[in-house]
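Good morning. I will take a few minutes to walk through one model, and you can follow along on the screen.

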Amino acid sequence: MPDVDPRGRFGLRVPTSRTWVEAVVADPVAALVDHAHCEMKAATTALMMAARYAAFPAVADAMLALARQEIAHYEQVAVELRRRGVHPEPHGADPYAKALRAHVASDEPQRLVDLLLVSSIVEARSCERFELLADAPVDDALRDLWSEFAVCEAGHHALFVGLAQGIAGADAVARRKDMLLDAEAVIVEALPCAPRIHG
Ligand SMILES: [Fe+2]
Ligand SMILES: [Fe+2]
C-alpha cells in the first residue's frame with residue numbers, strides 16, 4: 001500500500017506511513033494505552049507551563065484551560081480502556097516528545113517560544129495521525145474517539161502557534177517552527193513502527 005499523503009498537513013515534512021496505520025489497526029488497545037499516557041502528559045505539561053509562566057497571563061490562562069481539556073481526553077480514553085477490560089500501567093518517557101524537547105533553547109524568552117512550538121508540533125503530529133486512524137477500518141467507538149481528538153488537537157496546534165506569535169511575532173515564529181519541523185522529520189523517521197501515537 002502506498003504511503004498516506006496528508007499534503008504537508010501543518011507543515012509536517014514526513015507523512016505518517018500506511019504501515020503505522022496498519023500497526024495501530026492490528027493492536028488498537030496498545031495505541032489507546034499509549035494515548036492515555038500522552039493525554040496525561042499533555043495535561044501535566046500544561047499545568048507546569050501555567051505555573052512557570054504566570055507572568056505571561058495569556059499563556060498561563062490558556063494552559064489552565066488546556067489542562068482541563070487534556071484531563072477530559074484522558075478520562076475518555078480511560079473509559080474506553082476500562083470498557084475493554086484494560087488498565088494502563090505506569091509508563092516511561094515518550095521518546096518522540098523527549099527528542100523534540102532536546103531542541104528547546106535554555107534561555108528565556110526563547111525557551112518559552114520553543115516550548116510552545118514543540119507542543120504545537122506534537123499536537124500537529126497527533127492530529128495528522130488521528131485523522132488517518134479515523135479513516136482506517138476501526139470500530140465505531142474508536143472512530144468517534146479518533147475523529148473527536150483530531151479536531152481538538154488541530155485546535156491545540158493553532159492555540160500554541162498563536163501564543164508563540166504573541167510573544168515573538170509571526171516572522172520569528174515561522175522561522176523557528178521551520179527549524180523545529182525539520183528536526184521533527186528526522187525524529188519521526190528514526191522511530192520504530194509501533195502501535196503508539198508517537199511510535
Ligand atoms: Fe488531547
Ligand atoms: Fe492536545
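I will start with the metal site, then go through two helices, and end with some odd spots in the chain. Keep in mind that this is a predicted model.

First, the metals. There are two iron ions to look at, ligand 1 and ligand 2, and they lie 3.4 Å apart. Which residue coordinates both the iron ion (ligand 1) and the iron ion (ligand 2)? E70 does, and so bridges the pair.

Take the iron ion (ligand 1). The residues that coordinate it are E39, E70, H73 and E153, with E39 listed twice through OE, and the distances run from 2.1 to 2.7 Å. H73 uses its ND1 atom, while the glutamates use OE. Along the sequence, the donor residues are spaced E-x30-E-x2-H-x79-E. Two of these donors show how the site joins distant parts of the chain: E39 sits in helix α2, residues 28-52, and H73 in helix α3, residues 57-83, with their positions 34 residues apart. What is the relative accessible area of E39? The value is 1%, so E39 is buried. H73 is at 3% relative accessibility, and therefore counts as buried too.

Now the iron ion (ligand 2). E70, E123, E153 and H156 coordinate it, at 2.1 to 2.3 Å. Here E123 is the residue listed twice through OE, and H156 gives its ND1 atom. The spacing of these donors along the chain is E-x52-E-x29-E-x2-H. E123 belongs to helix α5, residues 110-134, and E153 to helix α6, residues 140-168, so this pair ties together parts that are 30 residues apart in sequence. Both E123 and E153 are buried.

Next, helix α5 itself. From its first C-alpha to its last, α5 reaches 36 Å, and its 25 residues would be expected to give 36 Å at 1.5 Å a residue. Why is α5 described as largely enclosed by the rest of the structure? Because 22 of its 25 residues are buried.

One residue of α5 to pick out is S126. Its relative accessible area is 7%, so S126 is buried. The side chain of S126 reaches the backbone oxygen of V122 at 2.9 Å. Leaving out residues up to four places away in sequence, S126 touches E153, I197 and H198. E153, you will recall, is one of the residues that coordinate the iron ion (ligand 2).

On to helix α7. It has 21 residues, which should span 30 Å at 1.5 Å a residue, and its end C-alpha atoms are 30 Å apart, so the two agree. The buried residues of α7 include V173, R176, K177, L180 and L181. What do the buried residues of α7 pack against? They pack against α4, α5 and α6.

A short aside on helices in general. An α-helix has 3.6 residues a turn, so residues three or four places apart point the same way.

Let us stay with K177, which is in α7, residues 170-190. K177 is buried, yet it has no salt bridge. The nearest side chain of opposite charge belongs to D178, and that is 7.4 Å away; a salt bridge would need the atoms within 4 Å. What K177 does have is a polar contact of 3.1 Å between its side chain and that of H157. Beyond four places in sequence, the residues that K177 touches are F10, L117, S120, I121, H157 and V161.

F10 brings us to the odd spots. Most residues other than glycine have a negative phi, and most peptide bonds are trans. F10 is not a glycine, but its phi is positive, at about 60°. F10 is placed in the segment before α1, and with a relative accessible area of 16% it is buried.

Is the peptide bond from E108 to P109 cis or trans? That bond is cis, with omega near 5°. P109 lies in the loop between α4 and α5.

Last, C193, in the segment after α7. C193 has 44% relative accessibility, so it counts as partly exposed. The C-alpha atoms of C193 and S17 are separated by 8.9 Å, although the two residues are 176 residues apart along the chain. Among residues further off in sequence than four places, C193 touches T19, W20 and A23.

That is the tour.

Technical notes. Residues numbered from 1 in each chain as written. Chains lettered and ligands numbered in written order. Predicted model: local features only at pLDDT ≥ 70, side-chain atom pairs only at ≥ 80, totals over all residues. Heavy atoms only, no water. Helix = DSSP H or I, 4+ residues; strand = E, 2+ residues; numbered from the N terminus. Buried < 20%, exposed > 50% of the residue type's maximum accessible area, 1.4 Å probe, protein only. Lys, Arg positive; Asp, Glu negative; His and termini not counted. Polar contact = N/O pair within 3.5 Å; in protein donor to acceptor, adjacent residues only side chain to side chain. Contact = heavy atoms within 4.5 Å. Donors = N, O, S within 2.8 Å, 3.2 Å for Na, K, Ca; no water. Expected span 1.5 Å × (residues − 1).
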